Amino acid sequence: MRRRELEVLHRLLAARKQELLGEADRTVDGMGEGREQFPDPADRALHEGNRNLLLRIRDRERKLIGKIDEALARIENGTYGKCEECGRDIGFARLRVRPVTTLCIDCKAEQEAQERRRRIG
C-alpha cells in the first residue's frame, strides 16, 4: 500500500476514534444530569428503554475503538492492509469503507458463506 493511502486511512481512523470518544464523553456527562421523576410508569419505562439502547450503542462503539486501536497499531508495524487469512492485499476501496477490516473481500465472503451454511445445516 502506498504511503499516501496509509496516511489517508490513518487520518480516517484517528478522526473516527476521536468522534467516538467524544460521544462517550457526552453520554457519561448526560447520565449524571437530570434525575427526572416520572409519575407515569410508561414514561419511566420509555426513558429506561432509551437509556439502555444508548448504553448498548456505546458498548458497540467501545469495541469499535478497540478495533481502531488495533488497526492503528497495524499501520505502525507495517501489517495493515494485509488479509489475515490469505495474506493478500486488502483493496484501498474496501479499507476506505471499512478501515478496521482484517480480511480481503474474498475471504470475508467465504467466512459469511460458512456462517450461513452453519445456520442452515
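Helix H2, residues 41–77, gives the most to the lining of the second largest pocket, with three residues. The model is predicted. H2 also gives the most to the largest nonpolar core of this model, with five residues. The notes below start at the pocket, move to the core, and then take single residues in turn.

**The second largest pocket**

- The volume of this pocket is about 160 Å³.
- Its lining is made up of Lys67, Glu70, Arg74, Arg94, Arg98, Val100, Thr101, Thr102, Leu103 and Lys108.
- Six of the lining residues are charged, two are polar and two are nonpolar.
- Glu70, one of the lining residues, sits in helix H2.
- Glu70 is partly exposed, because its relative accessibility is 49% and that class runs between 20% and 50%.
- Lys108 also belongs to the lining. Between Glu70 and Lys108 there are 18 Å in space, C-alpha to C-alpha, and 38 residues in sequence.

**Thr101, on the pocket lining**

- Thr101 is another residue of the lining. Its place is the loop between H3 and H4.
- Thr101 is buried, because its relative accessibility is 10% and the limit for buried is under 20%.
- The side chains of Thr101 and Arg94 make a polar contact at 3.0 Å. Arg94 is in the pocket lining as well.
- Beyond four places in sequence, Thr101 is in contact with Arg74, Ile90, Arg94 and Leu95.

**The largest nonpolar core**

- The largest nonpolar core holds 16 residues. Leu13, Ile68, Tyr80 and Cys83 have the most contacts inside it.
- Helix H1 (3–31) and helix H2 are the elements that give two or more residues to this core.
- H2 gives the most, with five residues.
- In soluble globular proteins, nonpolar side chains tend to be buried together.
- Tyr80 has a long list of partners beyond four places in sequence: Met1, Leu6, Leu9, Leu13, Ala71, Arg74, Ile75, Leu95 and Pro99.
- Among those partners of Tyr80 is Leu13, itself one of the core residues with the most contacts. Another is Arg74, which lines the second largest pocket.

**Cys104, in the loop between H3 and H4**

- Cys104 lies in the loop between helix H3 (92–97) and helix H4 (105–120).
- Cys104 counts as buried, because its relative accessibility is 6%, and under 20% is the limit.
- Leaving aside neighbours within four places in sequence, the contacts of Cys104 are Cys83, Cys86, Arg88, Asp89, Ile90 and Arg94.
- One of these contacts is Cys83, a core residue with the most contacts along with Leu13, Ile68 and Tyr80.
- Cys104 and Arg51 are 36 Å apart in space, C-alpha to C-alpha, and 53 residues apart in sequence.

**Arg58, a buried charged residue in H2**

- Arg58 is in helix H2. Arginine counts as charged.
- Arg58 is buried all the same, because its relative accessible area is 17% and the limit is under 20%.
- The side chain of Arg58 makes a polar contact with the side chain of Glu61, at 2.7 Å.
- Leaving aside neighbours within four places in sequence, Arg58 is in contact with Glu23, Ala24 and Thr27.

**Arg3, an exposed residue in H1**

- Arg3 is found in helix H1.
- Arg3 is exposed, because its relative accessibility is 67% and exposed means over 50%.
- The C-alpha atoms of Arg3 and Glu23 are separated by 30 Å, and the two are 20 residues apart along the chain.
- Glu23 is also one of the contacts of Arg58.

Technical notes:
Residues numbered from 1 in each chain as written. Predicted model: local features only at pLDDT ≥ 70, side-chain atom pairs only at ≥ 80, totals over all residues. Heavy atoms only, no water. 1 Å grid on protein atoms, 1.4 Å probe; cavity = no way out; pocket = protein on both sides within 12 Å on 5 of 7 lines; lining within 4 Å. Points joined across faces, edges and corners; volume = space filled by probe spheres on them. Helix = DSSP H or I, 4+ residues; strand = E, 2+ residues; numbered from the N terminus. Buried < 20%, exposed > 50% of the residue type's maximum accessible area, 1.4 Å probe, protein only. Polar contact = N/O pair within 3.5 Å; in protein donor to acceptor, adjacent residues only side chain to side chain. Contact = heavy atoms within 4.5 Å. Core = buried A, V, L, I, M, F, W, Y, C linked by side-chain atoms within 4.5 Å.
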